[in-house]
Amino acid sequence: MGNLLKMNNLINELQVFYNEDPSDPFNIYGLAIEYLKSDWVKSRKYFEELLLNHEDYIATYYHAAALYLQINELELAEKTYLKGIEIAKRLGKAHALNELKRAYQSYLEEEFE
């Protein structure tokens, strides 16, 4: 019960920040990540808002693709990994690029087993 209450409080706080500045990708990302724990539909909504309006917010791609895999949206997962890899290369984000490449390779290995 305590963890649920903490999570709801955090979501409420993040929602306040989002309402104050809905264009800040950090606020959107925070909500997407927190909703991953309890409501994948809302999480997806926020990830897709980031993918659409803040394509350079590189942290989105790993988690959004993982969510798509979890809900069996394999084509979307693959497209998201590939887009994230492309953007990480363009932005020179080596750590994110390596993480996305590893996750995508893992996806490919599982897909063809």
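Visitor: Lys-79 and Glu-75 lie in helix α5; by about how much are they separated?
Guide: This is a predicted model, in which local features need pLDDT of at least 70, side-chain atom pairs count only at pLDDT 80 or more, and totals for chains, interfaces and linings use all residues. Residues are numbered from 1 along each chain as its sequence is written, and side-chain values use heavy atoms, with hydrogens and water left out. Because Lys-79 and Glu-75 are 4 residues apart in helix α5 (helices being DSSP runs of H or I, at least four residues, numbered from the N terminus), their separation is about one helical turn.

Visitor: What is the N to O distance in the salt bridge of Lys-79 and Glu-75?
Guide: A salt bridge requires a side-chain nitrogen of Lys or Arg within 4 Å of a carboxyl oxygen of Asp or Glu, and by this rule the count comes to 9. The side chains of Lys-79 and Glu-75 form one such pair, with an N to O distance of 3.2 Å.

Visitor: Is Glu-75 buried or exposed?
Guide: Relative accessible area decides this, with buried under 20%, exposed over 50% and partly exposed in between (1.4 Å probe, protein chains only). Glu-75 has a relative accessible area of 56%, and therefore it is exposed.

Visitor: Which residue in the loop between α3 and α4 pairs with Arg-90?
Guide: Arg-90 takes part in a salt bridge whose closest N and O atoms are 3.7 Å apart, and its partner is Glu-55. The pair links distant parts of the chain, 35 residues apart, with Arg-90 in helix α5 (residues 74–91) and, in the loop, Glu-55.

Visitor: Which element gives the largest share of the largest nonpolar core?
Guide: A nonpolar core joins buried Ala, Val, Leu, Ile, Met, Phe, Trp, Tyr and Cys residues through side-chain atoms within 4.5 Å, and of the 15 residues in the largest one, those touching the most other members include Ile-28, Leu-31 and Leu-50. Two or more residues each come from α1 (2–20), α2 (25–35), α3 (40–53) and α4 (59–70). With 5 residues, the largest share belongs to α2.

Visitor: How many of the 11 residues of α2 are buried?
Guide: Among the buried residues of α2 are Asn-27, Ile-28, Leu-31 and Tyr-35. This helix is largely enclosed by the rest of the structure, because the number of its 11 residues that are buried is 8.

Visitor: Are Glu-48 and Arg-44 buried or partly exposed?
Guide: Their side chains meet in a salt bridge at 2.8 Å, N to O. Glu-48, at 30% relative accessibility, counts as partly exposed, whereas Arg-44, at 18%, counts as buried.
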